[in-house]
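Biologist: Could you walk me through what surrounds the ligand here, and how you decide what to call things?

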Amino acid sequence: MDYPSFDLTGQVAVVTGASKGIGYGIAKALANVGVKVAVTARSIEKLNTLAAEINDAGGEAVPFALDVRSVENIRTIMGQIHDHFGRIDILVNNAGLGDNHPAVDVTEADWDSMMDVNLKGLFFCAQAAGRIMLEQGYGRIINMSSQASVVGIRDHAVYCATKGGVNQLTRVLALEWSEHGVTVNAIAPTFIYTPGTAERLDNPEYLAGVLNRIPANKVGTIADVAGAVMYLASPAAGMVTGTVLLVDGGWTAQ
Ligand SMILES: NC(=O)c1ccc[n+]([C@@H]2O[C@H](COP(=O)([O-])OP(=O)(O)OC[C@H]3O[C@@H](n4cnc5c(N)ncnc54)[C@H](OP(=O)(O)O)[C@@H]3O)[C@@H](O)[C@H]2O)c1
């Protein structure tokens, strides 16, 4: 029998939403195991800092400004990344917005902004990278979903709808692309402690409400999510496609 391999050395990954939070950590974790990373987001200064940190530590990272709300921008930047590295093995489709409002207060602008980034942007990034991967006959697409894709979360109507859509896109792309060597999966985390969630999770009352729903009795870390990305990107996960990997401490098991 062959032993499973988790070796990603020398592969090329694109990480969207890499300027902070989970994407920032995923880029560093991939670089730490020898993956060359194209780090993308709108905030080029933060990407420059991230790329410098990775390159100073002996890794390889190149920053690319990318606004995933523009399909034209997505196609241009994926082309530039492909030209620079010669291939794209892994796409971590992580850019996302998580505004929350009671459903009665949701505006058309709230709806459009979350749909544009979480669903439309994610789809067209997958399409642009997917075209390159299909040509190569190899690729790993990892879409960032949420536990809010499988259970309802109060005051998150639009967010839940976008993440439910991410799961369905993941399944359809897996159906179309897996026979060509391109696996497509999603990761669905529970609350992860990031700069974006710190304000809420640092409130003891809010944190208690969250922990009450998590059997593991702790919120997730960026490393928890990065570990799932590294598994799904690895040769060991070659038979895993069209799935949603919950990293939720058991929230959705009840
Ligand atoms: N944190 C959690 O508890 C949690 C739980 C489950 C799922 N998630 C999901 O995990 C992903 C990352 O979450 P996070 O907490 O790390 O969020 P975050 O700290 O708010 O970071 C979001 C990232 O998305 C980028 N982004 C936003 N709009 C963009 C646009 N138009 N074009 C390109 N990039 C854009 C931001 O970069 P710029 O502003 O520089 O463009 C930033 O790098 C999201 O998809 C989120 O839904 C998070």
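Biologist: What makes up the shell around the ligand, by residue class?

Modeller: In this predicted model, the shell divides into 13 nonpolar, 11 polar and five charged residues. Of the 29 residues around the ligand, the nearest are Ser19, Ile22, Arg42, Ser43 and Tyr159.

Biologist: Why is the pair between Asp67 and the ligand called a polar contact?

Modeller: A polar contact needs a pair of N or O atoms within 3.5 Å. A nitrogen atom of the ligand is 2.9 Å from an N or O atom in the Asp67 side chain, so this pair counts. Asn94 uses a backbone N or O atom, 2.9 Å from a ligand oxygen, so that pair passes too.

Biologist: And what about Ile192?

Modeller: A polar backbone atom of Ile192 is 2.8 Å from an oxygen atom of the ligand. That pair is also within the 3.5 Å cut-off, so it's a polar contact.

Biologist: How do you know how much of the ligand the protein buries?

Modeller: Taken alone, the ligand exposes 880 Å², and the protein buries 91% of that.

Biologist: Where does the ligand sit?

Modeller: In the largest pocket. Helices α1 (21-32) and α5 (157-177) are the elements giving two or more residues to the shell around the ligand.

Biologist: What makes a space a cavity rather than a pocket?

Modeller: In a cavity the probe fits but cannot get out, whereas a pocket is open. The structure holds one cavity of 30 Å³ or more. Its lining includes Asp99, His101 and Tyr159, and α5 gives the most to that lining, with three residues.

Notes
Residues numbered from 1 in each chain as written. Predicted model: local features only at pLDDT ≥ 70, side-chain atom pairs only at ≥ 80, totals over all residues. Heavy atoms only, no water. Near = heavy atom within 4 Å. Polar contact = N/O pair within 3.5 Å; in protein donor to acceptor, adjacent residues only side chain to side chain. Areas by Shrake-Rupley, 256 points an atom, 1.4 Å probe, with all protein chains shown as cover. 1 Å grid on protein atoms, 1.4 Å probe; cavity = no way out; pocket = protein on both sides within 12 Å on 5 of 7 lines; lining within 4 Å. Sits in = over half its atoms within 2 Å of the grid points. Helix = DSSP H or I, 4+ residues; strand = E, 2+ residues; numbered from the N terminus. Nonpolar A, V, L, I, M, F, W, Y, C, P; charged D, E, K, R; others polar. Points joined across faces, edges and corners; volume = space filled by probe spheres on them.
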